[in-house]
Structure formats: structure tokens, C-alpha cells
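Open the model in your viewer and keep the selection tool at hand. The stops below go from chain to chain, with what to look for at each.

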Amino acid sequence: MDFDLSPEHEAFRKVVRDFAESEIAPHAAQWDEDHTFPLETVKAMGDLGLFGLVFPAEWGGGDGDFASLCIAIEEIGRVDQSMGITLSAGVGLGANPIFRFGTEDQKQRWLPDLVAGRALGAFGLTEPDAGSDAGATRTRARRVGDNWVIDGTKVFITNSGTPITSIITVTARTDDGISTFVVEAGTPGLTIETPYRKLGWHASDTHGVILDNCSVPDHHILGASGSGFRNFLSILDDGRIAISALALGCARACLGSAIAYAKERNAFGGPIGRNQGIAFALADLEVAVENAANLTYKAAWLKDQGRPFTHAAAIAKLYSTEAAVTATRVATQVFGGSGFIEANPIARFYRDAKILEIGEGTSEIQRIVIARGLGLPVS
Amino acid sequence: MNVIVCVKQIPDPAMPGELNSSTNTLKREGKLILDESDSYGVEMALQLVAAAGEGEVSLVSMAPNNEVSGMRTALAMGASKGILVSDPSLQGSDALTTAKVLAAAIGRLGGADLIIAATESSDGYTGTVPEQVAEVLGLPSVTFAKHVVVEGGALKVNRQTEEGYDEVTCPLPAVISVTAGVVEPRYPSFKGIMAAKSKPLETVTAADLGVTPVGWEGAGQTISNVTKAEARAAGEIIEDDGEGYAKIVAFLENLKVI
Ligand SMILES: Cc1cc2nc3c(=O)[nH]c(=O)nc-3n(C[C@H](O)[C@H](O)[C@H](O)COP(=O)(O)OP(=O)(O)OC[C@H]3O[C@@H](n4cnc5c(N)ncnc54)[C@H](O)[C@@H]3O)c2cc1C
């Protein structure tokens, strides 16, 4: 029995923390305010090897395990949730589907740039009428000669319109079920809509995507025809652990700054942290952070051991994201009025946290997955 | 081109340092990290070797308790191998003894075309070790290097001075000390960290290197007393009421800097 990360993991955590604190933290508030996608910083994350961590060296990757990716996402997310999701989605939704389901030719074509962080991939699953119920996908792909012609609308697609977005992998209905297609940026018939104005994740790139008579060659089908539904469920399993790590970073940031403030802020003749009302709230938050960390890294460990982890990933995602939302609320309360002011990063975390309970499967969907794992016939 | 970098492993400056009350020396028992001052030397060495297109970067370090964490960081950045000198008898060694030990370790590695050290460490600040290493090895030494290239087998250094810089040309092999900030040290990658785990690090004692006497016994110094540095007086704060610039100009004129 062992709960320690390896010394190499710890050394890596320190590197990513140094990077996050010197290259990201000083700018996070500005990017948030301006809704800027910081291209140069994303490329620097690529240079650090973050986008390639979990992929084999033959594709330019770091040969790392999933725990190392969780460490990176947690540490980046501790200073900037937008950059955390950019990394998480770039790896999990951009590169991973190509790596998992791509043919040798498809990998040769798209993977090296995605792994290096020179390019970003997006994954278009959600539609106006198909979110949690992704099986209700309406986008269609039909055979025309040697090509597939895709028609449909995708919404809320992360990393779909950055200057380095190379591909958008989309699900579409075919005669034999749901299939997955790789659409290269710039393909005629592909329209990337203007970015959303979002509550949080301002520096993360999110667009609606329209496919109108969008034709891709036959060899752009990813995985077997009709296997799209099964494949994206398995992609989401990985992604849930990553979102759990992102939520953990958020919760840790809130706890750390709230503790510091509770010690230094005085009211009624002493630090506010001497009131049980504050101290116990922070004690509870510590428990939540500890739990979130254990659930996240246990799920990552199960995956790294090659063991089933769907259930553990859903538990981790559900718990950590709800803990993150709680943490932002409690930390804002500890800061009082100054927590409501945008100069305080807590205000940004407060806005950023909510989506964690929604993206890559809502909390309700996680509860369905967990309940089904218990053998309950929940619909 | 082969380069050896002298790297010091120091207590994390983010943690409050503590003095050993009987010897007036810094307690160095816990985990040590790579002195940030040395990360510039490591980066410069890696760049010089890359520019030369061949060769490798090696490390020498002297630290208590077989500590290699800081050396692993430098290996993760891209250095190839290293020698650690660790030995309880080294406790209390002064700068000259340290230089003798490092010089012997450099000799054990077979020397190099260039030896790089930081101008001073972030915990001891004696700022004399690099020149002493050069003297012990009988090599030329260039201090305060801020820009270094190798051209036609010779070293060309821009050497920081108070007014600007000197252009110095010097034969190889040589010892240089580099100032902080001269290059941008790379972040070690995960791949680098994993590779560092299996890179060769030899740990030897002072006796293995044939350096005696060392430690308190070999030291030409004792530290008789340590006192707190005087707190600096708070600066003057000028509230800008629209005339702030005039007060700043007057202040600078008064100092005769403008
Ligand atoms: C910023 C952002 C980035 C995103 N990035 C991507 C991306 O890159 N790729 C992508 O494909 N999608 C992305 N999404 C979409 C996201 O995954 C979906 O919003 C999410 O899956 C929920 O789907 P929905 O919005 O359609 O909500 P709905 O499915 O309509 O759900 C509405 C509510 O009903 C609940 N609900 C639904 N079904 C049930 C049930 N059976 N039992 C109980 N409750 C239920 C839900 O939990 C939720 O509370 C992103 C969304 C946002 C906001």
C-alpha cells in the first residue's frame, strides 16, 4: 500500500508549478478580462512537453503516465483554469482520439503536431439538441463518391477556433450508427462561429461549429464506421479524470488563499481565522481537497495499471468538481467583499468553477454512471 | 566540446534558513535544491555544447548527506553525468577547501574544455570559489561572464563591469563564472526528469579524491560571530498630486545621477 507519487512526479510537479507561477499567473487576470487566448503561452506549454506527456516517444511524446498529466493539469489549473482546460482538452479531446483510434496514416498526419503542442485538436460531440444525451446526435454524414459529406451543428466546442487548431473531430450519424470524422481546419463547408461570451473560462477558446455540405475524404473516418458512440464514451472516461485534476487545482487555490487571508485579516480585534465559523469551513475544505486529490490520483492510478476505471473516473469527477464549486463559494465568503472584486483571483475562480460540474458529463450524468455501476436500473 | 558545471545544492530559499548555533554555519540537513544561480551555468553549458555540435555537459557538486536532488534537476535539464562529493568530514570546509575538492572532482572526470560556475552561491555568497578552482587547476579564469562564445578554439567573453563590459579572449581550457540572468534556463521536461533517473552519478568522499585535510580541520577560517543585517530604512514615498514627477527629478538631481 502506497499513497506517494514518485520522486520524479514530485520533481515534475515543481517544474510545472514554477512554470505556472512565472509564465501564467502574472497574466491570468488580464487574459480573463480581455478574453484573450494566449497563443505564445500555449506554445510554451507545448515546448515544456505538456501536450505530449502521455503519448509514446515515437510520436514525440513524453512516455509519461496519466498521473503526470493530472499533476500538470492540477498545477496549471491552480493558477489559471482556462489554461488548465486548454491543456486538458488539447490532450484528451484533441490528440487522444487520434492516438486511440487513428490508423497509422492518420497518426502520421495529425499526431506529431498535436503532441508537440504546435497544433490543437477539438472534439465536437455536443449539439443544440444532443448534450448529455449525445446518442441523439443529428449531424449526418453521407457517402458521396469517395468522400463523406457532413451536415450539422455542434455547440460549445473547446479549442475549435484557435490560430493553431488543426482538426475538429466530430461525431455524425451514418447508416450503421454514429461514426467519427476528422475535419481539418479550413475545410470548405466548415464554419467556426464567433466565440461565445462565457461566465468563466474566458481565456479558453469555445465556438459553435457549423458543418454545411462539408466534404472530407474517405480516409478521414476515425475508427470503424458505427463505432463512434462507444469510442467517445471511452474518450470521456479519460477526460473525466483530467477534469477532476483541474477541479482539484481550483479547490487547492481557493483553500490556500483563504487560509492565508484568514490568518492575516483582522476583525473584532483578531484574525478572522480564530472564529470557528471560518476555521471549521476551512477545515471542511481541507477534507474536501484531500478527498478530491485521493480520488483523482486513484482513478489515474487505476488507468495507469490498465485496470477498469470508468466507475472511479465518474466518482472522482463528480466529487472534485462539486468540491471545487464549494471551495470557490467558501473562499469568497472568507474574503468577504474583497472576494467579489475582480482584482482578487478568487472572483475569477468563482466564475470558472461552475462549468466543471457540467462539461464532459454533468454531475447528474456522473451519478447515472455511478448508480449503473451499482447495478441500479437507472435510466 | 565538453563542459563541466560546478553546481551547488542549497536549502530551498523559500524556506526560512537556520544557523547552527555552535558553528555559525547554515543548517543544510533537509532536502537541498539546485541553486538557481547555477541553473544559468547549466543552461549556458548546454547551449555551448549544442552550438559545438558535439560533447557533453557534466556536473560536480559537494553536498552533505549524499544529496543529489539538485544535481538531478541539472541532469533533467540535459546534463549527462556527474560526481557528487559527500562526506561527513567535509562539514565546515571553507571556500578554498571547497575549491580543492571541486578541482579534484573535475580531475576525476578527466577535465573539460570549459568549466563553468556561478559568480556566487545564493546561500554562502563568498564569491571566491570559481577563481580558486581555476588557480588549483592552473587554468585561466574569466569572471562575471555575461555572454560567451567559442570561436576558433578560443573563448570570447563579454565580462560585466560596473560601466559596461570588457571583451575578453582567452585560451581553452578555462574557468568562467557566469552572472545570474545571462541566459534563460530551460524548464526540465517530464522526459528529461525520467531520463535523469538513470544518468550516471558517482558519489565519492574527500579521501577518494585524495584531498586532506578538509572540514573544520582544513579550514583557514572560523566564524566567530553572526549578527543580523541592519534593516534598511524605508524609502521615501511620493504621493503623486500631479507634481510627483518634479519631486522625483529633484530627488535624482540631488543624487547627481541626472
Ligand atoms: C465552456 C464549455 C466547453 C465545452 N466544450 C465541449 C467540447 O469541447 N466538446 C463537446 O462536445 N462539448 C463541449 N461542451 C458541452 C458540454 O459537454 C455539455 O454542455 C454537457 O455535456 C451538457 O450538455 P447540455 O448542455 O446539452 O445539457 P443537457 O444535456 O440539456 O442537460 C441539462 C440539464 O439536464 C440534466 N440532465 C440531462 N439528462 C438527465 C438525466 N437523464 N437525468 C438527470 N438529469 C439529466 C443535466 O445534468 C443538466 O443539468 C462544452 C460546454 C461548455 C459550456
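Select Pro173(B). This is a predicted model. Pro173(B) sits in the loop of chain B that runs between strand E11 (165–171) and strand E12 (174–178). Now show the backbone from Leu172(B) into Pro173(B). That peptide bond is cis, with omega near -5 degrees.

Go on to Pro213(B). Its loop lies between helix H6 (206–209) and helix H7 (215–218) of chain B. The peptide bond from Thr212(B) to Pro213(B) is also cis. Here omega is near -15 degrees. For background, most peptide bonds are trans.

**Two helices in chain B**

Stay in chain B and select helix H3 (residues 95–108) together with helix H4 (residues 129–137). At what angle do their axes cross? The crossing is at roughly 55 degrees, and the axes come within 8 Å. An angle of that size makes H3(B) oblique to H4(B). The crossing is right-handed.

Turn on side chains. From H3(B), the contact takes Ala95(B), Leu96(B), Thr98(B), Ala99(B), Lys100(B), Leu102(B), Ala103(B) and Ile106(B). Facing them from H4(B) are Val129(B), Gln132(B), Val133(B), Val136(B) and Leu137(B). Colour this contact by class: ten residues are nonpolar, two polar and one charged.

**Where the chains meet**

Show both chains. Chain B puts eleven residues into the contact, and chain A puts in 13 residues. On the side of chain B that touches chain A, two elements give two or more residues: helix H2 (69–77) and helix H5 (190–196) of chain B. H5(B) gives the most to this side, with four residues. By class, the side of chain B that touches chain A has six nonpolar, two polar and three charged residues.

**Domains of chain A**

Hide chain B and colour chain A by domain. Use 7–119 for domain 1, 121–225 for domain 2 and 229–373 for domain 3. Taken over C-alpha atoms, the centres of domain 2 and domain 3 of chain A are 30 Å apart. Their contact takes twelve residues from domain 2 and nine residues from domain 3. Which strand gives the largest share of the side of domain 2 that touches domain 3? Select strand E5 (residues 177–184) of chain A: three residues come from there. This side of domain 2 holds five nonpolar, seven polar and no charged residues.

**The ligand**

Centre on the ligand. 23 residues surround it. The closest are Leu125(A), Gly131(A), Ser132(A), Thr362(A) and Glu364(A). Next, highlight the elements of chain A that give two or more residues to the shell: helix H4 (81–101), strand E1 (120–124), strand E3 (147–158) and helix H10 (363–373). The shell has eleven nonpolar, eight polar and four charged residues. Keep the domain colours on. Domain 2 (121–225) and domain 3 (229–373) of chain A both give residues to the shell, so the ligand lies between them.

**H4 and H6 of chain A**

Keep H4(A) and add helix H6 (residues 228–264) of chain A. Their axes come within 10 Å and cross at roughly 160 degrees. H4(A) and H6(A) are therefore roughly antiparallel to each other. H4(A) passes H6(A) in a right-handed crossing.

Look along the contact. Residues on H4(A) include Gln81(A), Gly84(A), Ile85(A), Ser88(A) and Phe101(A). Those on H6(A) include Asn231(A), Ile235(A), Asp238(A) and Cys250(A). This contact has nine nonpolar, eight polar and two charged residues.

**H8 and H9 of chain A**

Now select helix H8 (residues 310–335) and helix H9 (residues 345–353) of chain A. Are they roughly parallel or antiparallel? The axes cross at roughly 150 degrees and come within 9 Å. H8(A) and H9(A) are therefore roughly antiparallel. The crossing in which H8(A) passes H9(A) is left-handed.

H8(A) brings Ala324(A), Val325(A), Thr328(A), Ala331(A), Thr332(A) and Phe335(A) to the contact. H9(A) brings Ile346(A), Phe349(A), Tyr350(A) and Ala353(A). The contact has eight nonpolar, two polar and no charged residues.

**Last stop**

Follow chain A into the loop between H9 and H10 and pick Glu360(A). Most residues other than glycine have a negative phi. Glu360(A) is not a glycine, yet has a positive phi of about 50 degrees.

Key: Residues numbered from 1 in each chain as written. Chains lettered and ligands numbered in written order. Predicted model: local features only at pLDDT ≥ 70, side-chain atom pairs only at ≥ 80, totals over all residues. Contact = placed C-beta atoms within 7 Å. Nonpolar A, V, L, I, M, F, W, Y, C, P; charged D, E, K, R; others polar. Domains from an automatic or database assignment. Near = placed C-beta within 6 Å. Axes fitted to C-alpha atoms, helices over the stretch in contact; angles between N-to-C directions. Parallel < 35°, antiparallel > 145°, perpendicular 65-115°, else oblique. Left-handed = near helix turned anticlockwise from the far one by under 90°.
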